[in-house]
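Take a look at the sequence and the fold below. This report starts with the whole protein, then walks through one sheet and ends at a single loop residue.

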Amino acid sequence: MAKFVGENGLTHYTDKVKALIKSKTTDREGVKNGVAMLDENTKIKDNQLWDATENKHGLMTSEDKKTCQELKQANESGALVDVPIFEEYNNENVTLIENVTPSSESGFIMFLSKMNRFVLCIIESGTGTRKYYKNWKEMRKEGFGNGTPESGSLYSLKDNSKPMLYIGNGTTITPVTQGAIESISNGEIDQLFGK
């Protein structure tokens, strides 16, 4: 069963992070090895800051830097994305263009059910002819991988009246039914903080 963080859970998580930060800093303000004091504009004075380098921690611990670097690499590789959004579900047979990789800004993403893949559709101005591209520049970064639905990944069909959520099974996508996914509970979020 897939899980996600709902709006209430995200608010709860944010509150937990704020409380954790406050608990780690309140008794350390303005003392040796403590935290910096704020000026009248709620800014940290420049003389209380130093730059972090690859070899010397500054504003973050080396563990924090490592985590940030891992998250940055995961984001750049396309591993961290919101639920990918496609705009049309189509069951027609089409011919795919394979040797060109346009930008998704030129068209819209659609799912071809007979081919079981996501493609970029560009409508030519003037003629209205649709062209279907197997690959596009941002496909991994936008969460579509190599175009085939990934098992357990969620996809959202953009619909102005009512968006539809789909789940991939490694071959195709199917509509998410009630009970197929559940929100992460506040208790599960609390466990992330070890309390």
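## The protein as a whole

Buried residues make up 24% of the 195 residues in the protein. The model is a predicted one. Its accessible surface comes to about 13,800 Å². Carbon and sulfur atoms hold 49% of that surface.

The secondary structure consists of three helices and 11 strands. Read from the N terminus, the elements run β-α-α-β-β-β-β-β-β-β-β-β-β-α. Contacts also link distant parts of the chain. Among contacts with a separation of 6 or more, 44% join residues 24 or more positions apart.

## A sheet of five strands

One open sheet has five strands in the order S3-S5-S6-S7-S4. Its pairing is mixed. The edge strands are S3 (88-90) and S4 (96-97), and each of these pairs on one side only.

What holds neighbouring strands together? Strands of a sheet pair through backbone hydrogen bonds, either parallel or antiparallel. Both senses appear in this sheet, as its mixed pairing says.

## Pair by pair

Start at the S3 edge. S3 and S5 run parallel and share three bridges. In this pair, glutamate 88 has methionine 110 of S5 as its bridge partner.

Next come S5 and S6, which are antiparallel and joined by five bridges. Here phenylalanine 108 is matched with cysteine 121 of S6. S6 and S7 (residues 130-133) are antiparallel too, with four bridges. Cysteine 121 turns up again here: its bridge partner in S7 is tyrosine 132.

How enclosed is S6 by the rest of the structure? Six of its seven residues are buried, so S6 is largely enclosed.

## Two hairpins

S5 and S6 form a hairpin with four residues between them. Asparagine 116 lies in the turn and has a positive phi of about 50 degrees.

S6 and S7 form a hairpin as well, with six residues between the strands. In this hairpin, glycine 126 takes a positive phi near 90 degrees.

## Serine 113

Now zoom in on one residue. Serine 113 sits in the loop between S5 (108-112) and S6 (117-123). Is serine 113 buried or exposed? Its relative accessibility is 17%. Buried means under 20%, so serine 113 counts as buried.

Which residues does serine 113 touch? Leaving out residues up to four places away in sequence, the contacts are Tyr89, Asn90 and Asn91. Strand S3 spans 88-90, so the loop residue meets part of that edge strand, at Tyr89 and Asn90.

Technical notes: Residues are numbered from 1 along each chain as its sequence is written. This is a predicted model: local features need pLDDT of at least 70, side-chain atom pairs count only at pLDDT 80 or more; totals for chains, interfaces and linings use all residues. Side-chain values use heavy atoms; hydrogens and water are left out. Buried means under 20% relative accessible area, exposed over 50%, partly exposed in between (1.4 Å probe, protein chains only). Contact means heavy atoms within 4.5 Å. Two strands pair if DSSP finds at least two bridges between them. Accessible areas come from the Shrake-Rupley method with a 1.4 Å probe; for residues, only the protein chains shown count as cover.
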